[in-house]
Amino acid sequence: MATDLVTMDKIVSLCKRRGFIFPSSEIYGGIGSSYDYGHYGVLLKNNVKAQWWRSLLQERDDVVALDSAIIQHPRTWEASGHLAGFTDPLVDCRTCKLRFRADKLEDSQCGQRPSKHPGETPECDLTDSREFNLMFETTVGPVKAEGSTVYLRPETAQGIFLNFKHYLQFSRKKPPFGIAQIGKSFRNEITPGNFTFRMREFEQMEMEFFVPPSDAERWFEHWLAERMNWYTKLGIRPDHLRLRAHDADELSHYSSGTSDVEYLFPIGWQELEGIANRGNFDLTQHATFSGQNLEYVDTASGDRYIPHVIEPAAGADRATLAFLVDAYDEDEIDGEARTVLRLHPQLAPVKAAILPLVRKDGQPELAREIEQDLRERIQVEYDAGGAIGRRYRRQDEIGTPWAVTIDHQSLEDRTVTVRDRDSLAQVRVAIGELGDELERRLRLPWRSPKLD
Ligand code: GAP
């Protein structure tokens, strides 16, 4: 495996410098572990989400979409087990007034309870660990009375189970089929951190795939392979990706089997996505708590059963971070250092930069004409400010795969040069064919040049 130049600090600094991601509320000193996406960050994360939707809704015919509410009936979380069981063990340091996850601290020498925390002093004194529920509580309505407590969803999955019956009744879906959604989830994480890797407010891309019970294992294997392919097709280097099956003591309360897709971040191998065999736990629980029948009945054969569920659950922010980390590279052009994001062109925030070589002789006018034309088809950016070399560097740093340069010759023969971010090859293309050519390139299979 080639040595990686990337560090989390370099990613954080590039994201701020180039307007991908900013610390939230910075003018007030920031609020820990909240981040805001700037222009290029929005474009990049939107592309990640669009590719996820595409792989499920466009490239297959057995998955449908949903956008459910963030605040659901509070009984949802009783039924799902989150109210009782969605906890992490918490310890406080009485001296430092800091909080830690007990399971992430080193054991004390006597093995009784955690005794060490980062930056501890001889005076440090940890409490016993207690279970801390990660759900954010709030109230509905103007009166803070008993019974008005609701929760911000800690996963998008439950909204899918609550709507399952609608898909049977109105959309006439029959297993095997999936319901997918992307949306915000909230967890009062004890130790958020590592930039957008672990936040208290984040976006999930989750799909619940409902299957006849006897087919669950087969579909579990199917989704493991599909989800690994999704990341590699979008350019993640295969040697930085792996599947790891959970040990029995790691399994969530609902799961009879889970494998994580892990990525080799600069902080080590970490979970990108969990793929779980949830059995019929959730639908059975909601049937019991709501009193509704959530069985599927096959009218032809008379078969009736509560479907089993395979759930690929990914994080949109975490996937975006992995694509950024995987794309980060440094090289040298003509003795000058360059930072470049070697993003898959489909994910790149901007597909082509439109650059008049000089700001005179009709070049900006022609460049604007080309820009307007291309805007109909792809995300482009016009930039006429500064030396051409500096403009190339700026686009390299945000991962723009192609730079279109308009020069003196362009006005004579209506051709432009197209420079490739990775190979640095420059070819002349007729203006009339530029849109088709860029769209053709966008459709080509792509492989990270960092593998070469
Ligand atoms: N419905 C199952 C579920 O929520 P999870 O493993 O807790 O499973 C799925 O979450 C994915 O959501 C994770 O693999 C990760 O990508 C993302 N995720 C979870 N907690 C997160 C956090 N605090 N910050 C950012 N992403 C998070």
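## Close-up views of salt bridges, ligand and backbone

**Figure 1. Arg 393 is buried, with a relative accessible area of 18%.** The model shown in this and the following views is predicted. A residue counts as buried when its relative accessible area is under 20%, so Arg 393, at 18%, belongs to that class. Arg 393 and Glu 336 form a salt bridge in which the closest N and O atoms are 3.7 Å apart. This pair joins distant parts of the chain, as Arg 393 is located in helix H10 (residues 388-398) and Glu 336 in strand E18 (residues 336-341), with their positions 57 residues apart in the numbering. Glu 336 counts as partly exposed, its relative accessibility being 45%. Side chains of opposite charge can pair when their charged atoms come close.

**Figure 2. A salt bridge joins the side chains of Asp 396 and Arg 419, with an N to O distance of 3.1 Å.** Because Asp 396 lies in helix H10 and Arg 419 in strand E22, the pair ties together parts that are 23 residues apart in sequence. Are these two partners buried or exposed? Asp 396 is buried, with a relative accessible area of 0%, and Arg 419 is also buried, at 5%. Both residues take part in a network of salt bridges, whose other members are Asp 329, Asp 331, Arg 338, Arg 342, Arg 421 and Asp 422.

**Figure 3. Glu 226 and Arg 60 form a salt bridge between distant parts of the chain.** The closest N and O atoms of the two residues are 3.6 Å apart. Glu 226 is part of helix H6 (residues 216-233), whereas Arg 60 is found in the loop between helix H2 (39-58) and strand E3 (63-65), and the two residues are 166 residues apart. Glu 226 is partly exposed, with 31% relative accessibility, while Arg 60 is buried, with 15%. In the whole structure, a search finds 46 salt bridges.

**Figure 4. The ligand is surrounded by 21 residues.** The closest of them are Glu 155, Arg 187, Met 199, Glu 206 and Glu 271. Sorted by class, the shell around the ligand consists of eight nonpolar, three polar and ten charged residues. Which element gives the most to this shell? Strand E13 does, with five residues.

**Figure 5. Glu 271, Leu 272 and Glu 311 each place a polar atom beside the ligand.** For Glu 271, an N or O atom of the side chain is 2.5 Å from an oxygen atom of the ligand. Leu 272 takes part through its backbone, where an N or O atom lies 2.8 Å from an oxygen atom of the ligand. In Glu 311, a polar side-chain atom is 2.9 Å from a nitrogen atom of the ligand. On its own, the ligand has 550 Å² of accessible area, and the protein covers 91% of that. Two or more residues of the surrounding shell come from each of strand E10 (201-211), strand E13 (268-279) and strand E16 (308-315).

**Figure 6. The peptide bond from Pro 175 to Pro 176 is cis.** Its omega angle is near 5°. Pro 176 is placed in the loop between helix H5 (157-169) and strand E9 (177-186).

**Figure 7. Ser 33 and Leu 424 have positive phi values, although neither is a glycine.** Where does Ser 33 lie? Ser 33 is in the loop between strand E1 (21-23) and strand E2 (35-37), and its phi is near 65°. Leu 424, with a phi of about 65°, is in the loop between strand E22 (415-420) and strand E23 (426-430). Ser 33 is buried, with a relative accessible area of 14%, whereas Leu 424 counts as partly exposed, at 30%.

**Figure 8. The protein from which these views are taken contains twelve helices and 23 strands.** Along the principal axes, its C-alpha atoms fill a box of roughly 75 × 70 × 50 Å. Of the 452 residues in the protein, 51% are buried. The accessible surface of the protein amounts to about 21500 Å², and carbon and sulfur atoms account for 48% of this area. Among the contacts in the protein with a separation of 6 or more, 66% are between residues 24 or more positions apart.

Note on methods: Residues numbered from 1 in each chain as written. Predicted model: local features only at pLDDT ≥ 70, side-chain atom pairs only at ≥ 80, totals over all residues. Heavy atoms only, no water. Near = heavy atom within 4 Å. Polar contact = N/O pair within 3.5 Å; in protein donor to acceptor, adjacent residues only side chain to side chain. Areas by Shrake-Rupley, 256 points an atom, 1.4 Å probe, with all protein chains shown as cover. Helix = DSSP H or I, 4+ residues; strand = E, 2+ residues; numbered from the N terminus. Nonpolar A, V, L, I, M, F, W, Y, C, P; charged D, E, K, R; others polar. Buried < 20%, exposed > 50% of the residue type's maximum accessible area, 1.4 Å probe, protein only. Contact = heavy atoms within 4.5 Å. Salt bridge = Lys/Arg side-chain N within 4 Å of Asp/Glu carboxyl O.
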